[in-house]
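Thanks for coming. I will take one chain in sections, starting with a sheet and ending with the enclosed spaces.

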Amino acid sequence: MSKILIGWAEESLVPKKKVSLAGQFYERISEAVESEICATAMAVESDEEQMILVSVDMEGFPEALVNLAREKFAKLTKEIDPRKLIISATHTHAAMRVAGRGSAKSKSGQMVDARAAMLEEFLPKDKLYFANVTSDDSILTPEEGTQLVTEKIALAAHRAWENRKESYYTNEFGRAAVGMCRRVCYDDGSAQMWGDTNTANFVSMEGGSDSGIELIYTFDADKKLTGIVANIACPAQILEQRNFISADYWGRTKAILREKLGEHIYLLGLCGAAGDQCPRDLVRWVDPETPINDPNVKREHLIKRKADPSMYDISGCNKVGKRIANEIISVYEEITDLKEEAVFKHKIIDLDLPLRRVTMRDYDNAVREIAYYIEKNKDKEAFNYEDSARLNVHIGTIQRYRDQQFKNVVTAETHIIRFGDISISTSPFELFLDYGNIIKARSMSEQTFIIQLCCGGLGYLPTEKAEKGGHYSAYVSSGRVGHEGGDLLVRKTVE
């Protein structure tokens, strides 16, 4: 075994313009910067094996952007295979909207996503569809956002690679209450994301939660702390409804760590299997401090709870950031053993998973529902993204029916890494927690890191139980692969 070489770098993703914020079915234009969003990179090399892990404060990172970032990275260095560049999103809903998720031009000449373009097929000829990205020179366009983000990722990755030096590391474990299940089950067998639990037909939360934090601490040759990798099974979406740029709880965590441990410390935040997780306790419900534009969040019978602060606001973000940072610091203070060598292997697998299919009956029903909605709203001058959101499940069903005429599988880029006693596995899905738990339980490693929304964006990957319960995150329109593919992903990852 050779000594480990590790390098770090960070690049700001905050643009000079305002942005249209990604992650909701309605438009939000940024009014300020709550915390800096970044691309943070850690390069690792040993025994002629390499990887560069990049964590991006974004809502998602589709395959087209991954490819573009790798192309730009490949122009900066020929020393490493660009496919060894592993890019994951923290899933903050307070970063810029980018192009690359599949787009088309609307009748009005605007670029819209593929489902919005499909909606126009069903609109009368005199009706237009208006995109939810305001055309204004003061606002960053999705295309400009794509160029900015991919350039910064390539630069961060290259700088981390150039900065690699002989280093020490240790893998550790912590625990903090961050993620909780966000799907509520009812006595009729249905389920709902963000469902109301204060009802007579509430039965249970659909899934569990994971309070564990998988940790890696890195040190320079003088054994001074240089960076921290933290893997948490919860998306960074406390501030998902607000009108500012933010790295969400990772931004607050990093600020506290740098205040306590030094401004030079890097933090690489990785989102674990968390497709059905959120930072909110739906049983001890605490209402947002100010109204938000989401009908699923409104509660008819609000009861004041002694619980966390609002996990839709900065007060909640600060609380979670403090919890994570305090645990990371507590674990750091107990470190006694550092390693300078490790078995290091990195395997890339293009895994073919079965496309989740729909029936002709599903397709016909979706067409009828869209026709009914359009007739009901025939007096509208134009249709907008809110209409697209209401019709999302039906448009997604139609889209899937058309796709499945020509393809049976979805190719998911996955990375399997051995780093000493650690295993790291990646997935391009919003992977439901149960899948991650099975992989961790069956892994032969001392510690297993699971990274979702990594090297692509293939939507949610729900369990069979979630598919039966229905609702957003479990609909066919919510992701490209169903539980059969999830089971196969688990088996291949464990293998």
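Two strands count as paired here if DSSP finds at least two bridges between them. What you see is a predicted model.

With that rule, four strands form an open sheet, in the order β20-β22-β23-β25, and the pairing is mixed. At the edges are β20, residues 344–354, and β25, residues 447–451, each of which pairs on one side only. From one strand to the next the twist averages 20°.

Look at the β25 end. Strand β23, residues 422–426, pairs with β25 in the parallel sense, over five bridges. Within that part of the sheet, Ile424 stands opposite Phe449 of β25. Helix α9, residues 433–442, lies across β23 and β25 and runs at about 155° to β25.

Now one residue of β23. Ser423 is in that strand. Is Ser423 buried or exposed? The cut-off for buried is under 20% relative accessible area, and Ser423 has 19%, so it counts as buried. Leaving out residues up to four places away in sequence, Ser423 touches Ile417, Ser443, Ser445, Gln447, Thr448 and Phe449. Ser423 and Lys345 are 78 residues apart in sequence, but their C-alpha atoms are 9.6 Å apart in space.

Ser423 also brings us to a pocket. The second largest pocket has 24 lining residues, and those nearest its centre are Ile416, Ser423, Thr493, Val494 and Glu495. Its space comes to about 570 Å³. Which elements supply at least two residues each to this lining? They are β20, β22 (residues 409–419), β23, α9 and α11. By class, the lining of the second largest pocket has eight nonpolar, eight polar and eight charged residues.

Next, the backbone. Most residues other than glycine have a negative phi. Two residues are worth a look on that point.

Glu48 is not a glycine, yet its phi is positive, at about 65°. Glu48 sits in the loop between β3, residues 38–46, and β4, residues 49–56. Its relative accessibility is 75%, so Glu48 counts as exposed.

Ser473 also has a positive phi, near 90°, and is likewise a residue other than glycine. Its place is in the loop between α10, residues 464–469, and α11, residues 483–494. Why does Ser473 count as buried? Because its relative accessibility is 1%, and buried means under 20%.

Last, the cavities. How many are there of 30 Å³ or more? The count is six. The largest cavity has a volume of about 110 Å³.

The lining of the largest cavity includes Glu36, Cys38, Thr40, Ser55, Asp57 and Thr90, and further along the chain Ala247, Trp250, Gly251, Lys254, Leu267 and Gly269. Three elements, β3, α4 (residues 249–261) and β18 (residues 266–271), each supply at least two of these residues. Which element gives the largest share? That is α4, with three residues. Sorted by class, the lining of the largest cavity divides into four nonpolar, five polar and three charged residues.

To recap the two spaces: the second largest pocket holds about 570 Å³, and the largest cavity about 110 Å³. That is the end of my part.

Note on methods: Residues numbered from 1 in each chain as written. Predicted model: local features only at pLDDT ≥ 70, side-chain atom pairs only at ≥ 80, totals over all residues. Heavy atoms only, no water. Axes fitted to C-alpha atoms, helices over the stretch in contact; angles between N-to-C directions. Contact = heavy atoms within 4.5 Å. Buried < 20%, exposed > 50% of the residue type's maximum accessible area, 1.4 Å probe, protein only. 1 Å grid on protein atoms, 1.4 Å probe; cavity = no way out; pocket = protein on both sides within 12 Å on 5 of 7 lines; lining within 4 Å. Points joined across faces, edges and corners; volume = space filled by probe spheres on them. Nonpolar A, V, L, I, M, F, W, Y, C, P; charged D, E, K, R; others polar.
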